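Welcome! Take a moment with the sequence and the 3D view, and then let us walk through them together.

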Amino acid sequence: TCSNSLSYVNTIENIEFFQGDTVVLPFKFVDSDCRVIRIMPTDYFVWYLCPYGNYDMPVIVLDSRTDTDYIWYDTSKNVYYVKITDELTRYLDYGKYVQQPVLFANSGSGVERFQRAEGTILLKRKIAELNYETGGD
C-alpha cells in the first residue's frame, strides 16, 4: 500500500522456502508520492536479511555493486532481482527472518535512501533423507 506520508512502510508478501532452495525475489521502488522510481545506472540496491527481531544483526547483506551473481537489474521492467541460493542459506538456522530492500538513488542533491518495505521470510528445515542400504542375502 502506498501513502503520501514519509513514514509509511510497504509490507512485502511473506515468503516461505526450504533451506538450500533457490528463490528469485523481484523489487520495484516507489517514492513518497507513490510514483515508480526510475532506476538510473548510478543507483544501487542493497538487500538485508536478519533474524526476526534482531535488526542490528544482519546475516546476509547483498549489494548490487559487488554481488552481481545475486542481484541484477532488468532495465526493461525497472526491477531489481535478488537470487537467494543454497550457498547463502545452508548455514542459517531455520526460522523467521526479516528482509529489507533498500535503493540508493543518486540525485542532484546526493544519494537518497529509499527504504520503504519490509517482509518476513520463513526458512523451513528439510526433513533429512534416510540412506537405505540394500544388500543381498
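What percentage of the 137 residues in the chain is buried? Buried residues account for 38% of them. Please keep in mind that this is a predicted model.

**The overall layout**

The chain holds one helix and 10 strands. Reading from the N terminus, the order is β-β-β-β-β-β-β-α-β-β-β. Of the contacts with a separation of 6 or more, 64% are between residues 24 or more positions apart. On the outside, the chain has an accessible surface of about 8900 Å², and carbon and sulfur atoms contribute 49% of that.

**Strand 8 and its partners**

Strand 8 (95-107) is a good place to start looking. Strand 8 is mostly covered, with 10 of its 13 residues buried. Its pairing with strand 4 (44-51) is antiparallel and has eight bridges. Here Cys-50 stands opposite Val-98 of strand 8.

Strand 10 (117-124) also pairs with strand 8, in the antiparallel sense and over five bridges. In that pairing, Gln-99 has Gly-119 of strand 10 as its bridge partner. Strand 9 (residues 110-114) is joined to strand 8 by five bridges, again antiparallel. Ala-105 is matched there with Glu-112 in strand 9. Strands 8 and 9 form a hairpin, with two residues between them.

**The nonpolar core**

In soluble globular proteins, nonpolar side chains tend to be buried together. In this model, the largest nonpolar core has 28 residues, and Trp-47 and Ile-121 have the most contacts inside it. Strands 2 (15-18), 3 (23-27), 4, 5, 7 (79-84), 8 and 10 each give two or more residues to this core.

Which residues does Ile-121 touch, not counting residues up to four places away in sequence? Among them are Ile-15, Phe-17, Leu-25, Trp-47, Leu-49 and Ile-84. Gly-95, Lys-96, Tyr-97 and Gln-99 are also touched by Ile-121.

**A residue in a loop**

Tyr-52 sits in the loop between strand 4 and strand 5 (60-63). Is Tyr-52 buried or partly exposed? Tyr-52 counts as partly exposed because its relative accessibility is 48%, and the cut-offs for that class are 20% and 50%. Leaving aside neighbours within four places in sequence, Tyr-52 is in contact with Lys-96, Tyr-97, Val-98 and Thr-120. Lys-96 lies 44 residues away from Tyr-52 along the chain, yet their C-alpha atoms are separated by 5.5 Å.

**Salt bridges**

How many salt bridges does a search of the whole structure find? The search finds four, including those in this table.

| Side chains | N to O distance |
|---|---|
| Lys-124 and Glu-16 | 2.9 Å |
| Asp-21 and Lys-126 | 3.6 Å |
| Asp-86 and Arg-90 | 3.1 Å |

The salt bridge of Lys-124 and Glu-16 links distant parts of the chain: Lys-124 is in strand 10 and Glu-16 in strand 2, 108 residues apart. Lys-124 is partly exposed at 32% relative accessible area, whereas Glu-16 counts as exposed at 52%.

Asp-21 and Lys-126 also meet in a salt bridge. Asp-21 is in the loop between strands 2 and 3 and Lys-126 in the segment after strand 10, so this pair ties together parts that are 105 residues apart in sequence. Asp-21 is partly exposed at 24% relative accessibility, and Lys-126 is partly exposed at 44%.

For the pair of Asp-86 and Arg-90, Asp-86 is partly exposed at 29% relative accessibility. Arg-90 is partly exposed as well, at 41% relative accessible area.

Notes: Residues numbered from 1 in each chain as written. Predicted model: local features only at pLDDT ≥ 70, side-chain atom pairs only at ≥ 80, totals over all residues. Heavy atoms only, no water. Helix = DSSP H or I, 4+ residues; strand = E, 2+ residues; numbered from the N terminus. Buried < 20%, exposed > 50% of the residue type's maximum accessible area, 1.4 Å probe, protein only. Contact = heavy atoms within 4.5 Å. Areas by Shrake-Rupley, 256 points an atom, 1.4 Å probe, with all protein chains shown as cover. Core = buried A, V, L, I, M, F, W, Y, C linked by side-chain atoms within 4.5 Å. Pairing = 2+ DSSP bridges.
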